[in-house]
Amino acid sequence: MAQLERSILFSGVDPSDAGPMRTILTNRGFHVEWAETAETAHNYLDARNVDVLIAEMRIGGHDAIRLIRAAQLRRPDLCALLIASPDEAQRAAETLTDGVYDYMLKPVNPERLAAIVQRGIEHQQLLYEQRHLKRRLDEHYGLTSLIGQSRPMTLVYTTLRQCASVLTP
């Protein structure tokens, strides 16, 4: 089975820095686009499907975290990576709990970035497979296979659904 070409959007990354990164990622089979501003990136994300968003911490005065959050609202499984200056390292590390997959400090090593992107894509795939398998298990062994329509059984089903939604990550 042929693998789909994955798309990457760079946002706010200086074009002279993005050049070597773009070359390596393109050579590894990725479709790479570049958006100079956060507004351009928002417009691109509205119009196209993106697998990976690589954003510089500060994008022309805008915060990359806001861009990533907006992008993940459109596509929750988006792999988001941050590029930060050394003085932004603490804040970049804190974003890992806010949906950012990983970050890199400047100067960026393009080979290392390509490895992180590949790892992020593999992580996306594992999450997709996990959701798919959970859905199949639920269809096969879930509440739909239980029988009983009495009021007490209906209450049991409702309680199970509520517990499952709380306990499932």
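## Fold, cores and a cis proline

The chain has six helices and seven strands. The model is predicted. From start to end, the elements run β-α-β-α-β-β-β-α-β-α-β-α-α. Of the 169 residues in the chain, 37% are buried. Among contacts with a separation of 6 or more, 59% join residues 24 or more positions apart.

**Two cores**

In soluble globular proteins, nonpolar side chains tend to be buried together. Here the largest nonpolar core has 21 residues. Ile8, Phe10, Leu25, Ile54, Leu113 and Val117 have the most contacts inside it. Five elements each supply at least two residues of this core:

| Element | Residues |
|---|---|
| β1 | 7-11 |
| α1 | 15-27 |
| β3 | 52-56 |
| β6 | 79-84 |
| α5 | 110-141 |

Helix α5 gives the largest share, five residues. Another core lies apart from this one and has 20 residues, including Ala41, Ala55, Leu82 and Ala84.

Which residues does Val117 touch, leaving out those up to four places away in sequence? They are Ile8, Leu25, Phe30, Val52, Ile54 and Leu81. Of these partners, Ile8, Leu25 and Ile54 are also listed among the residues with the most contacts in the largest core.

**Helix α1 and its end**

Helix α1 has 13 residues. Its first and last C-alpha atoms are 18 Å apart, close to the 18 Å expected at 1.5 Å a residue. Ala18, Met21, Ile24 and Leu25 of α1 are buried. Gly29 follows the helix, and its phi is positive, near 95 degrees.

**Helices α2 and α3**

How do α2 and α3 lie relative to each other? The axes of α2 (residues 38-47) and α3 (residues 64-74) come within 10 Å and cross at roughly 5 degrees. Angles under 35 degrees count as roughly parallel. The two helices are therefore roughly parallel to each other. On the α2 side, the contact uses Ala38, Ala41, His42, Leu45 and Asp46. On the α3 side, Leu67, Ala70, Ala71 and Arg74 take part. By class, this contact has six nonpolar, one polar and two charged residues. Ala41 of α2 appears in this contact and also in the 20-residue core.

**A cis peptide bond**

Most residues other than glycine have a negative phi, and most peptide bonds are trans. The bond from Lys106 to Pro107 is cis, with omega near -5 degrees. Pro107 sits in the loop between β7 (102-105) and α5. Helix α5 is also the element with the largest share of the 21-residue core.

Conventions:
Residues are numbered from 1 along each chain as its sequence is written. This is a predicted model: local features need pLDDT of at least 70, side-chain atom pairs count only at pLDDT 80 or more; totals for chains, interfaces and linings use all residues. Side-chain values use heavy atoms; hydrogens and water are left out. Axes are lines fitted to C-alpha atoms, for helices over the stretch in contact, and angles run from 0 to 180 degrees between N-to-C directions. Helices (H or I, at least four residues) and strands (E, at least two) are DSSP runs, numbered from the N terminus. Angles under 35 degrees count as roughly parallel, over 145 as roughly antiparallel, 65 to 115 as roughly perpendicular and the rest as oblique. Contact means heavy atoms within 4.5 Å. Ala, Val, Leu, Ile, Met, Phe, Trp, Tyr, Cys and Pro count as nonpolar, Asp, Glu, Lys and Arg as charged, and the others, Gly among them, as polar. A nonpolar core is a set of buried Ala, Val, Leu, Ile, Met, Phe, Trp, Tyr and Cys residues joined through side-chain atoms within 4.5 Å. Buried means under 20% relative accessible area, exposed over 50%, partly exposed in between (1.4 Å probe, protein chains only). The expected span of a helix is 1.5 Å times one less than its number of residues.
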